[in-house]
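Please open the model in a viewer and keep the sequence at hand. The tour proceeds by selection, with a short account of what is to be found at each stop.

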Amino acid sequence: MASFLVPLSLNKLDLKDYLYNVYNVPVLSVRSFIQQQRVRQDKPGAKLPRPRRWYRARSIKKMTVEMGQVDGMGGGAFVWPKEEEDLEPWDKKAWDSAEAAQEAENEKFGADAAKLPPADRKTMAEQAKALLEGKLIWRPSWRDYGRPREVDTAIDINGG
């Protein structure tokens, strides 16, 4: 017997098929149970819990599996496979770099991003200091093209 915490969308046939095809474990029976979480006031971790604002955490689905004989092992003992040491076939470096980029993105645009100082704050301060000391001269970034002109005044409609 083995118990698993599984996603709510997984059904008995999916688990049975998964264990057989991935681990070569024949499954005799599967029992599933969905455990509801208790009702709480407001979401956990809220800074100021609001009264009469109810929240129920997502349910947990547990599946218990009875296994048959596994290639000569008695009683259907299930043993997790060894954890791989070399993760290069699964491109672990790319996974780690993508994860780091995602964390940087979350830090940049997350809920607390408005509280953080802008990234260019230091360079703006340096530029302001240089302007005040007279080391830099301010120039506008727009161009003056002179007085506006009417473009289509000299069009001859009659062709003459």
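Select glutamate 133 and lysine 135 and display their side chains. In this predicted model, the two residues form a salt bridge, with 3.2 Å between the closest N and O atoms. Glutamate 133 is partly exposed, at 45% relative accessibility, whereas lysine 135 counts as exposed, at 66%.

Keep this part of the chain in view and add Leu131, Leu136 and Trp138. These residues make a nonpolar surface patch of about 350 Å². Leucine 131 belongs to helix H3, which spans residues 121–133. Its relative accessibility of 38% places leucine 131 in the partly exposed class.

How many salt bridges does a search of the whole structure find? The search returns two. To see the other pair, select lysine 92 and aspartate 96, whose side chains meet with an N to O distance of 2.9 Å. Both residues lie in helix H2 (residues 92–109), and the four-residue spacing between them corresponds to about one turn of the helix. Lysine 92 is partly exposed, with a relative accessible area of 34%; for aspartate 96 the value is 34% and the class is likewise partly exposed.

Step back along the sequence to aspartate 91, in the loop between E5 and H2. Inspect the backbone here: aspartate 91 has a positive phi of about 55°, although it is not a glycine. Aspartate 91 is partly exposed, at 40% relative accessibility.

Asparagine 24 is the next selection. This residue, not a glycine, also adopts a positive phi, of about 60°. Asparagine 24 sits in the loop that joins helix H1 (12–23) to strand E2 (27–35), and its relative accessibility of 38% makes it partly exposed.

Now select lysine 61, in strand E5 (residues 60–67). Is this lysine buried or exposed? Lysine 61 is buried, yet it has no salt bridge. The nearest side chain of opposite charge is that of aspartate 14, 7.8 Å away; a salt bridge requires the nitrogen and the carboxyl oxygen to be within 4 Å, so this pair does not qualify.

What lies by the polar end of the side chain can be shown by adding the backbone of leucine 10. The backbone oxygen of leucine 10 is 2.5 Å from a polar atom of the lysine 61 side chain. To display the surroundings, add the residues that lysine 61 touches, leaving aside those up to four places away in sequence: Phe4, Leu5, Val6, Pro7, Leu8, Leu10, Asn11, Ser32, Phe33 and Ile34.

Finally, clear the selections and colour the whole chain by secondary structure. The protein has three helices and five strands, arranged along the sequence in the pattern β-α-β-β-β-β-α-α. Of its 160 residues, 12% are buried. Among contacts with a separation of 6 or more, 59% are between residues 24 or more positions apart. Switching to a surface display shows the exterior, where the accessible surface comes to about 14,700 Å² and carbon and sulfur atoms account for 54% of that area.

Methods:
Residues are numbered from 1 along each chain as its sequence is written. This is a predicted model: local features need pLDDT of at least 70, side-chain atom pairs count only at pLDDT 80 or more; totals for chains, interfaces and linings use all residues. Side-chain values use heavy atoms; hydrogens and water are left out. Helices (H or I, at least four residues) and strands (E, at least two) are DSSP runs, numbered from the N terminus. Buried means under 20% relative accessible area, exposed over 50%, partly exposed in between (1.4 Å probe, protein chains only). Lys and Arg count as positive and Asp and Glu as negative; His and the chain ends are not counted. A polar contact is a pair of N or O atoms within 3.5 Å; within protein, one must be able to donate a hydrogen and the other to accept it, and residues adjacent in sequence count only if both atoms are side-chain atoms. Contact means heavy atoms within 4.5 Å. Accessible areas come from the Shrake-Rupley method with a 1.4 Å probe; for residues, only the protein chains shown count as cover. Patches are made of residues with over 30% relative accessible area and no salt bridge: like charges are joined within 9 Å, nonpolar side chains (Val, Leu, Ile, Met, Phe, Trp, Tyr) within 5 Å.
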